[in-house]
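Please look over the sequence and the structure shown here before reading on. The briefing takes up a few topics in turn, and it helps to find each element in the picture as it is named.

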Amino acid sequence: MKHLKTFQKKKMLVMVLLIAGMLVFLAGRLVWIMIFQSEFYGQKAEDLHERERSIKAARDEILDRNGVVLAANQSVCTVSVIHAQIEDEEAVIRMLSEELELPEETVRERVEKVSSIERIRTNIPVETGDAILAYRLAGVKVDVDYRRYYPYDELASKVLGFAGSDNQGILGLEARYEEYLAGTDGKILTLTDASGIEIAAAGERRQEPVNGNNLVLSLDYNIQAYAQQAAETVMEEKEAEAVSIILMNPKDGEILAMANVPKYNLNDPYTLNTETEEDLGEEETMELLNQMWRNPSINDTYEPGSIFKIITTAAALEEDLVSLEESFYCPGYKMVEDRRIRCHKTAGHGAETFTEAIMNSCNPVFIELGLRLGADTFYRYFEQFGLLEKTGADLPGEASTIMHAQDAIGQVELATISFGQSFQITPLQLITTVSSLINGGTRVTPHLGVRVENADGETVETFSYEEGERLVSEETSETLQYLLEKVVSEGTGKNGAVEGYDVGGKTATSQTLPRSENKYISSFLAFAPADDPEVIGLVVIYDPQGTYYGGTIAAPVMQDIFEMVLPYLGIPQADESAAEEQLQ
């Protein structure tokens with residue numbers, strides 16, 4: 001009995017000590033939380049009763065080379081409701097349905113939803129937001145927001161791209177330069193009680209948004225507008241499927257204009273630009289929108305046709321396989337293995353020098369050059385000229401060249417490659433490669449982005465682009481300038497001549513696949529001045545109706561553009577240049 005009492009006393013003592021220990025621990029923990037962790041847990045408690053509303057940062061502007069605003073912002077409003085704060089649901093529903101022009105059922109569903117904050121509608125005019133605020137209905141919030149706005153609607157639509165409802169870049173330059181254009185959103189933080197009602201005495205905390213930066217392009221609004229107008233005109237006149245026009249500086253790769261039609265309205269990018277059946281499904285509509293948004297200058301490939309003879313000529317000159325006065329004979333075709341490959345002049349050009357052959361755009365002569373080069377050497381020049389790689393342009397979705405595998409190039413393939421058929425490249429790849437051959441012989445990187453500026457116009461970052469290695473000798477480049485000036489002054493490119501200027505260029509007419517459909521692509525490439533190119537342009541007309549020869553329908557388009565662009569850029573006429581040289 002005595003031992004039992006002793007055991008019970010010890011047990012009681014242990015329990016007392018345990019309870020005391022726990023009390024000491026809890027007291028210490030409470031002191032730790034209240035003194036040393038008070039800020040942390042205070043913030044936690046505050047967060048539980050803090051409601052957050054976003055303050056959109058302004059997406060900054062896209063400017064042309066002269067400061068013309070191509071993409072800007074419009075102030076709009078976002079309307080939301082806070083369920084716990086609404087005092088008269090029916091009044092809120094009626095008002096929002098009327099002011100926002102939404103079905104009452106839609107508004108009711110959102111207003112009655114039990115959530116911390118429910119968005120009713122975004123991108124509404126500021127005037128509508130002000131009208132809603134004037135009702136002073138509890139639980140209704142109107143916040144200032146921004147919507148992307150394009151002052152010129154359709155101008156350079158397939159280049160600029162557009163931003164979505166969340167103000168994030170989706171396509172084109174808007175997507176490519178997202179990190180520079182987009183800002184950092186701010187926040188409005190308000191305290192609420194346990195039932196979600198805002199505590200008026202607590203006020204609100206704001207984290208101010210940080211706006212993005214302005215993007216300055218090499219694009220020139222005036223040149224772009226003129227090129228786009230020229231594209232629209234020839235598309236309508238020739239009932240063509242599409243037209244693409246690119247103008248750039250061949251010395252540094254700066255793109256001055258990239259016009260593609262059909263175009264679309266950047267302020268309404270989800271409306272199709274063609275008439276379609278009303279019962280299109282979501283999948284079919286999305287497919288048509290994707291086609292509408294595509295930029296064929298960079299996203300699509302085509303057979304370049306006779307403009308590619310410039311590349312064949314450059315390779316042959318570099319290999320010393322032809323001289324300008326070498327004699328050839330064109331009977332109107334050339335036999336390659338068992339294939340009779342025709343010249344565009346089926347009666348033949350007869351006897352001609354190489355200079356005359358390029359002026360005449362004679363297929364048999366260029367087939368001969370291709371055969372002289374051979375598959376391995378020609379393929380090596382494809383690699384050397386960068387034709388098997390992307391240009392590195394600062395536009396998303398650049399397509400790659402579609403080319404035969406080297407070991408699959410037989411004599412017939414070699415023959416057709418030599419005059420620009422049986423493989424495909426993008427228009428931008430073609431004009432970039434030719435630029436690199438006629439600018440003295442060095443590869444350039446085509447681009448639109450020049451620099452980033454802050455709101456005060458101060459330069460934040462200047463973009464640099466890789467300067468390619470030498471592609472051909474200066475002698476070869478000068479020879480190409482001479483030959484291509486002859487094409488325009490005396491050959492198939494006469495319709496691209498510009499009075500007072502020495503223009504170099506090359507025409508092309510290629511047939512699309514399948515050949516049986518008899519569809520053609522007409523094109524013309526030109527540059528000026530011929531002996532020191534400062535601007536180069538390419539016109540591509542897809543499936544023109546009626547006459548389809550590049551020299552007949554594409555060359556006059558570039559002639560018209562150059563008649564405006566050359567004086568606009570301050571490029572002196574040939575006689576003025578000669579007079580200046582004499583004075584020096």
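What follows is a briefing on a sheet, the helices beside it, a helix pair and some individual residues. The model is predicted, and this should be kept in mind for every value given below. A central part of the account is an open sheet of five strands, in the order β10-β9-β19-β18-β17, whose pairing is antiparallel.

**The five-stranded sheet**

- In this sheet, β10 and β17 stand at the edges and each has a single partner strand, so one side of each of these two strands is left without a neighbour in the sheet.
- Neighbouring strands of the sheet are turned by 5° against each other on average, when direction is ignored.
- Strand β9, which covers residues 242-248, is joined by seven bridges to strand β19, which covers residues 535-542, and the two run antiparallel; within this pairing, Val243 has Ile541 of β19 as its bridge partner.
- Strand β9 also pairs with strand β10 (residues 255-261), in the antiparallel sense and over six bridges, and here Leu247 has Ala257 of β10 as its bridge partner.
- The strands β9 and β10 form a hairpin with six residues between them, and in this hairpin Gly253 takes a positive phi near 85°.
- Further along the sheet, β18 and β19 pair over eight bridges, again in the antiparallel sense, and the bridge partner of Ser523 in β19 is Val540.

**Strand β9 and its surroundings**

- Is strand β9 enclosed by the rest of the structure or left open? Seven of the seven residues of β9 are buried, so the strand is largely enclosed by the rest of the structure.
- The side chains can be sorted by direction: Ala242, Ser244, Ile246 and Met248 point one way from β9, whereas Val243, Ile245 and Leu247 point the other way, and all of them are buried.

**Helices lying on the sheet**

- Helix α9, made of residues 221-237, lies across β9, β10 and β19, and it runs at about 30° to β10.
- Helix α19, made of residues 555-568, packs on the sheet and touches β9, β18 and β19, while its direction makes about 145° with that of β19.

**The pair of helices α3 and α5**

- Two packed helices are described by the angle between their axes and the distance between the axes.
- For helix α3 (residues 89-100) and helix α5 (residues 126-133), the axes come within 10 Å and cross at roughly 160°, which means that α3 is roughly antiparallel to α5.
- The crossing of α3 and α5 is right-handed.
- Which residues of the two helices meet? From α3 they are Met95, Leu96, Glu99 and Leu100, and from α5 they are Thr128, Ala131 and Ile132; by class, this contact of α3 with α5 has five nonpolar, one polar and one charged residues.

**Cis peptide bonds**

- Val261 and Pro262 are joined by a cis peptide bond with an omega of about 5°, and Pro262 has its place in the loop between β10 and α10 (282-293).
- Leu513 and Pro514 are also joined by a cis peptide bond, here with an omega of about -10°, and Pro514 lies in the loop between β17 (504-511) and β18 (520-528).

**Loop residues with a positive phi**

- Ser361, a residue other than glycine, has a positive phi near 55°; its place is in the loop between α13 (354-360) and α14 (363-384).
- With a relative accessibility of 4%, Ser361 counts as buried, since buried means under 20% relative accessible area.
- Asp543, again a residue other than glycine, has a positive phi near 55°, and Asp543 lies in the loop between β19 and α18 (550-553).
- The relative accessible area of Asp543 is 15%, so Asp543 is buried.

**An exposed loop residue**

- Asp456 lies in the loop between β15 (449-453) and β16 (459-462), and with a relative accessible area of 67% Asp456 is exposed.
- Although Asp456 and Asn213 are 243 residues apart in sequence, they are 9.8 Å apart in space, counted from C-alpha to C-alpha.

Methods: Residues numbered from 1 in each chain as written. Predicted model: local features only at pLDDT ≥ 70, side-chain atom pairs only at ≥ 80, totals over all residues. Heavy atoms only, no water. Axes fitted to C-alpha atoms, helices over the stretch in contact; angles between N-to-C directions. Helix = DSSP H or I, 4+ residues; strand = E, 2+ residues; numbered from the N terminus. Parallel < 35°, antiparallel > 145°, perpendicular 65-115°, else oblique. Left-handed = near helix turned anticlockwise from the far one by under 90°. Contact = heavy atoms within 4.5 Å. Nonpolar A, V, L, I, M, F, W, Y, C, P; charged D, E, K, R; others polar. Buried < 20%, exposed > 50% of the residue type's maximum accessible area, 1.4 Å probe, protein only. Pairing = 2+ DSSP bridges.
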